[in-house]
Amino acid sequence: VSPGEVSSGNRFIIESTRIDDHVDEDILLMKVDVEGFEVKAIESASRIFRKHKVQNLIIEWSAKRWPHPISWGDRLLEKFYDTGFT
């Protein structure tokens, strides 16, 4: 099945891409709502966080999706701190 086509069981194959491949400028607002792939999404924007200013960041996530939400949250907050967020 190719990306975008429906496979058996009504599942889709979705081609992913890095945020860094599409954005190369300062960002006023970045919203991340990626149903369980928050850490990967933030990692895919690592160049943006290093080279540009991201003034506001909103992340939607559900603790129910994560077996250890506190360790996941700590890991994500650590990534933000490492990229300069306060």
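**Questions on a predicted protein model**

Guide: Along the sequence, this protein follows the pattern β-α-α-β-α. The model is predicted, and the protein has three helices and two strands.

Visitor: How confident is the predictor in the protein, and where is confidence lowest and highest?

Guide: The mean pLDDT is 79, and 76% of the residues reach 70 or more. By element, confidence is highest in β1, at 93, and lowest in α3, at a mean of 72. Where pLDDT is low, the predicted coordinates should not be read in detail.

Visitor: What makes the pair Arg18 and Asp20 a salt bridge?

Guide: The nitrogen and oxygen of these two side chains are 3.4 Å apart. The cut-off is 4 Å between a side-chain nitrogen of Lys or Arg and a carboxyl oxygen of Asp or Glu, so the pair qualifies. In general, side chains of opposite charge can pair when their charged atoms come close.

Visitor: Are these two partners buried, exposed or partly exposed?

Guide: Asp20 has a relative accessibility of 6%; buried means under 20%, and therefore Asp20 is buried. Arg18 stands at 37%, which falls between the limits of 20% and 50%, so Arg18 is partly exposed.

Visitor: How do you know that Asp24 and Arg47 also form a salt bridge?

Guide: Their closest N and O atoms are 4.0 Å apart. The rule asks for a distance within 4 Å, so this pair is counted. Asp24 lies in the segment before β1 (27-32) and Arg47 in helix α2 (residues 46-51), so the bridge ties together parts that are 23 residues apart in sequence.

Visitor: Why is Asp24 called exposed, whereas Arg47 is called partly exposed?

Guide: The relative accessible area of Asp24 is 54%, and exposed means over 50%, so Asp24 meets that rule. Arg47 has 23%, which lies between 20% and 50%, and therefore Arg47 is partly exposed.

Visitor: What makes Lys31 and Asp33 a salt bridge, and which network do they belong to?

Guide: The N to O distance between their side chains is 3.7 Å, and the cut-off is 4 Å, so they form a salt bridge. Lys31, Asp33 and Glu60 are joined into one network by salt bridges that share partners. By this rule the protein has four salt bridges.

Visitor: Why is His52 called buried?

Guide: His52 has a relative accessible area of 19%. Buried means under 20%, so His52 is buried by this rule. His52 is found in the loop between α2 and β2 (54-59).

Visitor: How do you know that His52 and Asp24 make a polar contact?

Guide: Their side chains are joined at 2.8 Å, and a polar contact needs N or O atoms within 3.5 Å, so the distance satisfies the rule. A polar atom of the His52 side chain also lies 3.5 Å from the backbone nitrogen of Glu25. Leaving out residues up to four places away in sequence, His52 touches Asp24, Glu25, Asp26 and Arg47.

Visitor: What makes Ser44 a buried residue?

Guide: The relative accessible area of Ser44 is 8%; the limit is under 20%, so Ser44 is buried. Ser44 is in the loop between α1 and α2, and a polar atom of its side chain lies 2.8 Å from the backbone oxygen of Ala41. Neighbours within four places in sequence aside, Ser44 is in contact with Arg18, Ile19 and Asp20.

Visitor: Which residues make up the largest nonpolar core, and which elements give two or more of them?

Guide: This core has twelve residues, including Ile27, Met30, Val32, Ala41, Ile42, Phe49, Val54, Leu76 and Phe80. The elements that give two or more residues are β1, α1 (38-43), α2 and α3 (69-82). Beyond neighbours within four places in sequence, Val32 is in contact with Glu38, Ala41, Ile42, Leu57, Ile58, Ile59 and Glu60.

Visitor: Why is Lys79 called partly exposed, and what does it contact?

Guide: Lys79 has 25% relative accessibility, between the limits of 20% and 50%, so Lys79 is partly exposed. Lys79 lies in helix α3 and, neighbours within four places in sequence aside, is in contact with Val39, Ile42 and Glu43. The C-alpha atoms of Lys79 and Ile42 are 8.3 Å apart, although 37 residues separate the two along the chain.

Visitor: How much of the protein counts as buried?

Guide: Of its 86 residues, 23% count as buried.

Terms used: Residues are numbered from 1 along each chain as its sequence is written. This is a predicted model: local features need pLDDT of at least 70, side-chain atom pairs count only at pLDDT 80 or more; totals for chains, interfaces and linings use all residues. Side-chain values use heavy atoms; hydrogens and water are left out. Buried means under 20% relative accessible area, exposed over 50%, partly exposed in between (1.4 Å probe, protein chains only). Helices (H or I, at least four residues) and strands (E, at least two) are DSSP runs, numbered from the N terminus. A nonpolar core is a set of buried Ala, Val, Leu, Ile, Met, Phe, Trp, Tyr and Cys residues joined through side-chain atoms within 4.5 Å. Contact means heavy atoms within 4.5 Å. A polar contact is a pair of N or O atoms within 3.5 Å; within protein, one must be able to donate a hydrogen and the other to accept it, and residues adjacent in sequence count only if both atoms are side-chain atoms. pLDDT is the predictor's confidence in each residue, from 0 to 100.
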